[in-house]
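Student: I have a model open in front of me and would like to take a close look at just one part of it. Could you walk me through that part slowly, one step at a time?

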Amino acid sequence: MAKQAPQEVLEQSMEITRDVAEAAQREMWDKAQRRLPAVQMGMVAGTLGALATAASYRLSVLLLEKKLRPELAAAVAAAAYGGGAGAAAMVAARRWRGHPVPLPTETARKVAEILADAAGGD
């Protein structure tokens, strides 16, 4: 096998490195996109939690106070918003589980296999 010029080897190494980096980015992006529904449901849970302490909470209490004592009206409103936030958080947690971590594990495995093959072939 003829020796390659140092510049040629450098260019090949840079091209391989660029390909590996692009593959890793694609893999991470694909994995992150699979988690998007879980992130969105987490945002819903956060919004519902914020609503429990926002002005809509007070409006609910005022409306409930027309039929219930003030302390009971506040408890009913808190239970309704808190229950909604808890349910949304549970759905988000279920969607989050089962998805791979958004790291380029598949790309790293392929690179390791290629390196092992190359080392074994020498």
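Student: Let's look closely at the helix that holds Met 90, α4. To begin with, is Met 90 buried, partly exposed or exposed, and what is its relative accessible area?

Tutor: Happy to! Keep in mind that this is a predicted model. Met 90 has a relative accessible area of 47%. Buried would mean under 20% and exposed over 50%, so Met 90 counts as partly exposed. Met 90 sits in helix α4, and a useful partner to find on screen is Val 44: the two are 46 residues apart in sequence, while their C-alpha atoms are 11 Å apart in space.

Now widen the view to the helix itself. Helix α4 runs over residues 70–96. Try a quick check of its length: at 1.5 Å a residue, its 27 residues should span 39 Å, and the end C-alpha atoms are indeed 39 Å apart, so the two values agree. After α4 comes Gly 98, which has a positive phi, near 90°.

Next, which residues of α4 are tucked away? The buried ones are Ala 73, Ala 77, Ala 85, Ala 88 and Ala 92. Look at the numbering as you find them, with this rule in mind. An α-helix has 3.6 residues a turn, so residues three or four places apart point the same way. As for what covers them, the buried residues of α4 pack against α2 and α3.

Let's take those two neighbours in turn, starting with α3, residues 55–64. The axes of α3 and α4 are 8 Å apart and make an angle of about 135°. That angle makes α3 oblique to α4, and their crossing is right-handed. On the α3 side, the meeting residues are Ser 56, Tyr 57, Ser 60, Val 61 and Leu 64; on the α4 side, they are Ala 73, Ala 74, Val 76, Ala 77, Ala 78 and Tyr 81. Sorted by class, this contact has 9 nonpolar residues, 2 polar ones and no charged ones. Notice that Ala 73 and Ala 77, which take part in this contact, are also on the list of buried residues.

The other neighbour is α2, residues 36–51. Here too the axes lie 8 Å apart, but the angle is about 165°. The helices α2 and α4 are therefore roughly antiparallel to each other, and they cross in a left-handed way. From α2, the residues in contact are Pro 37, Ala 38, Val 39, Met 41, Gly 42, Val 44, Ala 45, Leu 48, Gly 49 and Leu 51. They meet Tyr 81, Gly 84, Ala 85, Ala 88, Ala 89, Val 91, Ala 92, Arg 95 and Trp 96 in α4. Grouped by class, the residues of this contact are 15 nonpolar, 3 polar and 1 charged. Among the α4 residues here are Ala 85, Ala 88 and Ala 92, which you have already seen listed as buried. Tyr 81 deserves a second look: Tyr 81 meets α3 and also meets α2.

Finally, come back to where you started. Val 44, the residue we paired with Met 90, is one of the α2 residues that meet α4. Met 90 itself is partly exposed, whereas Ala 88 and Ala 92 in the same helix are buried.

Conventions
Residues are numbered from 1 along each chain as its sequence is written. This is a predicted model: local features need pLDDT of at least 70, side-chain atom pairs count only at pLDDT 80 or more; totals for chains, interfaces and linings use all residues. Side-chain values use heavy atoms; hydrogens and water are left out. Axes are lines fitted to C-alpha atoms, for helices over the stretch in contact, and angles run from 0 to 180 degrees between N-to-C directions. Helices (H or I, at least four residues) and strands (E, at least two) are DSSP runs, numbered from the N terminus. Angles under 35 degrees count as roughly parallel, over 145 as roughly antiparallel, 65 to 115 as roughly perpendicular and the rest as oblique. A crossing is left-handed if the near helix is turned anticlockwise from the far one by less than a right angle, and right-handed if clockwise. Contact means heavy atoms within 4.5 Å. Ala, Val, Leu, Ile, Met, Phe, Trp, Tyr, Cys and Pro count as nonpolar, Asp, Glu, Lys and Arg as charged, and the others, Gly among them, as polar. The expected span of a helix is 1.5 Å times one less than its number of residues. Buried means under 20% relative accessible area, exposed over 50%, partly exposed in between (1.4 Å probe, protein chains only).
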